[in-house]
Amino acid sequence: MLLIPCPWCGPRDEAEFGYGGQAHVAYPADPGALTDEEWARYLFFRDNPKGPFAERWHHAAGCRRWFTVTRDTVTHEIHPPAFAADGGSR
Ligand SMILES: [Zn+2]
């Protein structure tokens, strides 16, 4: 079980959250100009590091807000988020 620190509600059980994947994936500036391969890479290819990884979480059973935390993929230690009331930017 992960205890995820929601910036608004405090630490809560992971069952209250939805996983949003890798953080900081920028939407293409001109999506219409991408090839199918580039578009597929944007949609489906993500980093898979061993160690710290910035990821998005949605507090679905709580405040329903999105935020970013850094989770160590080896130890599952979660570093408290910098207060990220960014409305869901990825
Ligand atoms: Zn919350």
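**Close-up views of a predicted model**

**View 1. Arg71 and its salt bridge.** Let's start with Arg71, which is buried, with a relative accessible area of 12%. Keep in mind that this is a predicted model. Arg71 pairs up with Glu55 in a salt bridge, and their closest N and O atoms sit 2.5 Å apart. The two residues come from distant parts of the chain: Arg71 belongs to strand S5 and Glu55 to strand S4, with their positions 16 residues apart. Glu55 is buried as well, at a relative accessible area of 0%. Counting up the salt bridges gives a total of 1. As a bit of background, side chains of opposite charge can pair when their charged atoms come close.

**View 2. The sheet around Arg71.** Zoom out a little and you'll find an open sheet of 4 strands. Their order is S3-S4-S5-S6, and the pairing is antiparallel. Strand S3 (18–22) and strand S6 (78–79) are the edge strands, each pairing on one side only. Now look at where S5 meets S6: these two run antiparallel and pair over 2 bridges. Here Arg71 turns up again, standing opposite Ile78 in S6.

**View 3. The zinc site.** Which residues hold the zinc ion? Cys6, Cys9 and Cys63 each offer an SG atom, while His59 uses ND1, and the coordination distances run from 2.0 to 2.4 Å. The site is tetrahedral, with angles of 105 to 119° among the 4 donor atoms. For comparison, the ideal angle for four tetrahedral donors is 109.5 degrees. Along the chain, the donors of the zinc ion are spaced as C-x2-C-x49-H-x3-C.

**View 4. Cys6 and His59, brought together at the zinc ion.** This pair of zinc donors links distant parts of the chain, with the two residues 53 residues apart. Cys6 lies in strand S1 (residues 3–6). His59 is in the loop between strand S4 (52–58) and strand S5 (66–72). Are these two buried or exposed? Both Cys6 and His59 are buried.

**View 5. A nonpolar patch on the surface.** For the last stop, head to the surface, where Leu43, Phe44 and Phe45 make a nonpolar patch of about 340 Å². Phe44 is found in helix H1, which covers residues 36–44. Its relative accessibility is 62%, so Phe44 counts as exposed, the cut-off for that being over 50%.

How values were computed. Residues numbered from 1 in each chain as written. Predicted model: local features only at pLDDT ≥ 70, side-chain atom pairs only at ≥ 80, totals over all residues. Heavy atoms only, no water. Donors = N, O, S within 2.8 Å, 3.2 Å for Na, K, Ca; no water. Tetrahedral: all angles 85-135°; square planar, octahedral: opposite > 155°, others 65-115°. Buried < 20%, exposed > 50% of the residue type's maximum accessible area, 1.4 Å probe, protein only. Salt bridge = Lys/Arg side-chain N within 4 Å of Asp/Glu carboxyl O. Patch = residues over 30% accessible without salt bridge, like charges linked within 9 Å, V, L, I, M, F, W, Y side chains within 5 Å. Areas by Shrake-Rupley, 256 points an atom, 1.4 Å probe, with all protein chains shown as cover. Pairing = 2+ DSSP bridges.
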